[in-house]
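Dear colleague,

I am handing over the structure we spoke about. Please look through it first; my notes on what was found follow below.

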Amino acid sequence: MNRISNLVKRLIHPWINTGRTITTDNYFTNVELVEDLLSAQTTLVGTMRRNKKEIPPELESNSQRPEESSIFCFGRQLALVRYVPKKGKAVILLSTMHHDKFVNDERKKQPDIILYYNNTKGGVDLMDQTVKTYSCRRKIKRWPMAFFFNIIDVGTVAAFIIWISKKPKWNEEKLCRRRLFLLQLGFELVEARLHRRQQQSQSIQQSVGWVMQTIGLPVIIPMPDSMSESYVRRRCQLCPRQRDHRAITHCNSCNVPCCSDHHKVICDMCCETFLK
């Protein structure tokens, strides 16, 4: 918990004691951080996870509560609200900026805390939802790679928005415009590399060559040569026949097949000494 709080404090250090309000999601929001920021003239609005011990029992999950209902809890300059947007689902928010029970009847009876959160943090949540639909992220424990994958995901979303703003009629009749954009973007990113690989067709693996042919690039797939005679396993001439030990190594002098038990490796200097 202290690690998360310290991270938030480092990020907002230039704006401490300036009367600003920050918005966080449930990973960063905790009462200890909120009280520390409040003492530094900084307010906070953020969602909270349901398993936080600071949440009173009155705000715990209850499937019987009606839709678009809200429950408020106030104390120590903190405000907690539990809002039910639809049956079986609830969201809990913590705020040090709001101190009343204002509810907007025209917008699904959402509390003022919810409206403020959606105006300031809703765009980030929408982007996370968009990224999750088509993502290059992989399950990996190396944080630099996870950070790199996230940069690519966010960059593709930004690129798609810019592309649509410049060409609003591009595939306008299709519902999967973003998927088509990502396919075209991915191909253009690797196109130069594919052409370089195409010029080195003799060193291309069969699987890579088949993929290149699938996307329409003419490439000659080198077929594997027949197995060389030197790589054929033969029975070791020095082992007993009942052992039936086969090997691919041969004696450099008489070319007799011999296994690792009867095959010695020596350097040139030792070989000259041995021959003398």
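**Notes on the structure**

Phe187, Leu189, Val190 and Ile215 make up a nonpolar patch on the surface, and together they have about 350 Å² of accessible area. Please keep in mind that this is a predicted model. One member of the patch, Val190, sits in helix α5; Val190 is partly exposed, as its relative accessible area is 39%. Glu191 lies in helix α5 as well, and with a relative accessible area of 31% Glu191 is also partly exposed. Between Glu191 and Leu217 there are 10.0 Å in space, C-alpha to C-alpha, and the two are 26 residues apart in sequence.

**The chain as a whole**

The protein chain contains seven helices and nine strands. Of its 276 residues, 27% are buried. The accessible surface of the chain is about 20000 Å², and 55% of that belongs to carbon and sulfur atoms. If one takes the contacts between residues at least 6 apart in sequence, 33% of them join residues at least 24 apart.

**Helix α4**

Does the length of this helix agree or disagree with what its residue count suggests? Helix α4 covers residues 143-166, which is 24 residues; at 1.5 Å a residue it should span 34 Å, and its end C-alpha atoms are 35 Å apart, so the two agree. The buried residues of α4 are Phe149, Asp153, Thr156, Val157, Phe160 and Ile164. The cover over these buried residues includes α3 (112-133) and α5 (177-199). Helix α5 is the helix that holds Val190 and Glu191.

**The nonpolar cores**

The largest nonpolar core has 15 residues, and the ones with the most contacts inside it are Ile22, Leu37, Leu44, Met48, Leu80 and Leu94. Two or more residues each are given to this core by α2 (31-39), β2 (43-48), β4 (78-86) and β5 (89-95). Helix α2 supplies the largest share, four residues. A second, separate core has nine residues, among them Ala79, Tyr83, Ile114 and Tyr117.

Which residues does Met48 touch, apart from its neighbours within four places in sequence? Met48 is in contact with Asn26, Thr29, Glu54, Ile55, Leu80, Ile92 and Leu94. Of these contacts, Leu80 and Leu94 were listed above with Met48 in the largest core.

Leu37, also listed there, is touched by Ile16, a residue in the loop between α1 and β1 (21-24). With neighbours within four places in sequence left aside, the contacts of Ile16 are Leu37, Ala40 and Thr42. The C-alpha atoms of Ile16 and Thr42 are separated by 6.5 Å, although the two residues are 26 apart along the chain. Ile16 has 21% relative accessibility and so counts as partly exposed; the limit for buried is under 20%.

**Salt bridges**

Side chains of opposite charge can pair when their charged atoms come close. How many salt bridges are there in this model? The count comes to four.

Lys9 and Asp36 meet through their side chains in one salt bridge, at 3.0 Å from N to O. This pair links distant parts of the chain, since Lys9 is in helix α1 (residues 2-11) and Asp36 in helix α2, 27 residues apart. Lys9 is partly exposed, with a relative accessible area of 30%, and Asp36 counts as partly exposed at 31%.

Asp261 forms a salt bridge with Arg243, and their closest N and O atoms are 2.7 Å apart. Asp261 lies in the loop between β9 (246-247) and α7 (268-275), while Arg243 lies in the loop between β8 (234-235) and β9, so the pair ties together parts that are 18 residues apart in sequence. Asp261 is partly exposed, with a relative accessible area of 42%; Arg243, at 42% relative accessibility, counts as partly exposed too.

Asp244 forms a salt bridge with Arg235, with 2.8 Å between the closest N and O atoms. Asp244 is partly exposed at a relative accessible area of 37%, and Arg235 counts as partly exposed at 24%. Arg235 and Asp244 also belong to a network of salt bridges that links them with Arg246.

Regards

Key:
Residues are numbered from 1 along each chain as its sequence is written. This is a predicted model: local features need pLDDT of at least 70, side-chain atom pairs count only at pLDDT 80 or more; totals for chains, interfaces and linings use all residues. Side-chain values use heavy atoms; hydrogens and water are left out. The expected span of a helix is 1.5 Å times one less than its number of residues. Buried means under 20% relative accessible area, exposed over 50%, partly exposed in between (1.4 Å probe, protein chains only). Contact means heavy atoms within 4.5 Å. Patches are made of residues with over 30% relative accessible area and no salt bridge: like charges are joined within 9 Å, nonpolar side chains (Val, Leu, Ile, Met, Phe, Trp, Tyr) within 5 Å. Accessible areas come from the Shrake-Rupley method with a 1.4 Å probe; for residues, only the protein chains shown count as cover. A nonpolar core is a set of buried Ala, Val, Leu, Ile, Met, Phe, Trp, Tyr and Cys residues joined through side-chain atoms within 4.5 Å.
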